[in-house]
Amino acid sequence: MSLSDNGFRPGHHDQYQQIRREHGPVVGVELPGGIPAWLVIGYIELHQVTSDPVLFPRDSGLWNQWANIPKGWPLLPMIGRPNPSIISTAGAAQRSHVATVEPALESVDLIRLRQTCERLADRLIDGFCGRGTADLVADFTAPLPMLALAWIFGFADEEEPQFVDMMKMLATSGPDAEAQYANVVRRMEQLLAVKRTKPGADLVSRMLAQPTPFTNAEYARDLLAVITAGYLPTVDWIGNSVRLMRTDERFAAALGGGQHSIEQAMIEVLWEDTPIQIFPGRWAASDTRLGDKDIRAGDMLLLGLAAANTDPHVGRNLTGSVETAGNSAHFAFGYGEYRCPFAAQQIGEIIVRSGIEVLLDRLPDLDLAVPAENLVRRPSPFVRGIASMPVRFTPVRPAGSTPVANAARTSRLWRSAK
Ligand code: HEM
């Protein structure tokens, strides 16, 4: 089965059930260029893989396919050759990066983060609320987490353009991608030099204050790992939750901003429509058997997070759905030693929840301007998000808490970064 053909529609639960019937819980798949990998779609098997970091480390250096990977291979930016960062190391090396990154994430003041997100959300909404229509992705769900991350990194409002510029470089694909990535690493190193001489209450300064000293290049790569791991899933968590609330009548009560429903929608999305559908991955350290398949040392395993969440082996109620409220046994954030750090999960949750609360509070009759089935999804089997979300609402005046010029500037910055 090819993961790159158009017939594979990630997130389509019926499709996963059919694949499960035909291939079992561990599926042999082909990546672009015919590169083989295993897609783990069984809940029990995924638990087994993610709970055993010795047999299945997240160590791409073990991959038995490197000799077959051409320069410019499309998935290279996502899978990545081993490099000294939290996301691309294993074992003791990875733990030393966690020991630097995790306390820094934990030091983010969540009350101030919430206040900042509300202010940023207000500012973005001020930029389009008078129009009565918007593309909710370009105007809101994409810029909000970017600006929140800029604040977490310690960028002042007037320095936002520098951060947006870096995000633009990171999003570069094709032949320029490597050069642009190197540019961003250099920019991060400059930021580190500034924070070394003038530390503040920000993530960068807090990482520098941890006891294990790293080289500037290592700190820079960890910071980029935080951005790349945190940005897109947070964008898509907002978008997928708003889509659910605007298309499912169970959430109609949230028109006035009912917080209970917002939280329920967010949790349901993590189970049923999760932003990271497939995460690459883990690599087998030795020959083994998983489900009904023989795995060879160095084989790559793709974590089928969305498929495992909808595995019929997970307890379902009479209507066939999982009791999602208060149930966090999903795989949306991965699991085990390499899972998304809890502090990062909290940060993501605050950005998403405060963004949706402000949005529905300011524009209570916001609705999709196209039928839900016409929304364009990101064209990737790995992530599940909406690329563009036309919405309409009764036009309202800007809240005026921040100058409208500011909001327009943010919108302009983001559009130029696409
Ligand atoms: C601003 C918010 C976020 C930040 C800063 C963040 C940061 C990170 C970091 C640093 C890692 C690497 C952890 C390690 O290697 O030990 C990671 C992993 C991961 N994150 Fe997040 N994250 C954020 C939001 C999210 C969201 C919203 C989702 C999905 C809904 C998500 C899903 C994941 C997954 C699936 C992994 C890989 C887990 C694995 O390999 O088992 N993250 N994240």
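## Around the ligand

Q: How far is a backbone N or O atom of I86 from an oxygen atom of the ligand?
A: Heads-up: this is a predicted model, where local features need pLDDT of at least 70, side-chain atom pairs count only at pLDDT 80 or more, and totals for chains, interfaces and linings use all residues. Residues are numbered from 1 along each chain as its sequence is written, and side-chain values use heavy atoms, with hydrogens and water left out. A polar contact here is a pair of N or O atoms within 3.5 Å. For I86 and the ligand oxygen, the distance is 3.4 Å.

Q: Which residue puts a polar side-chain atom 2.8 Å from an oxygen atom of the ligand?
A: I86 uses its backbone for its contact, and so does Y338, with a polar backbone atom 3.4 Å from a ligand oxygen. The side-chain contact at 2.8 Å belongs to Q94.

Q: Which elements give two or more residues to the shell around the ligand?
A: Y338 touches a ligand oxygen through a polar backbone atom. Looking at whole elements (DSSP runs numbered from the N terminus: helices are H or I, at least four residues; strands are E, at least two), the ones that give two or more are α4 (91–106), α11 (216–247), β4 (279–283) and α14.

Q: Which element supplies the largest share of that shell?
A: The shell has 28 residues, each with a heavy atom within 4 Å of the ligand. R58, Q94, R282, Y338 and C340 are the closest. The largest share, 6 residues, comes from α11.

Q: How many residues of the shell around the ligand are nonpolar?
A: Ala, Val, Leu, Ile, Met, Phe, Trp, Tyr, Cys and Pro count as nonpolar, Asp, Glu, Lys and Arg as charged, and the others, Gly among them, as polar. On that scheme the shell has 5 polar and 3 charged residues, and its nonpolar count is 20.

Q: Where does the ligand lie relative to the domains?
A: The domain bounds come from an automatic or database assignment. Domain 1 (1–82 + 277–331) and domain 2 (85–266 + 335–418) both give residues to the shell, so the ligand lies between them.

Q: Which protein atom is the donor of the iron atom of the ligand?
A: Donors are N, O and S atoms within 2.8 Å of the metal (3.2 Å for Na, K and Ca), and water isn't among the atoms, so sites may look incomplete. The residue involved sits in the loop between α13 (305–309) and α14. At 2.4 Å, the only protein donor is C340 (SG).

Q: What is omega for the cis peptide bond that joins P280 and G281?
A: G281 has its place in strand β4. The bond joining P280 to G281 is cis, with omega about -10°.

Note on methods
A polar contact is a pair of N or O atoms within 3.5 Å; within protein, one must be able to donate a hydrogen and the other to accept it, and residues adjacent in sequence count only if both atoms are side-chain atoms.
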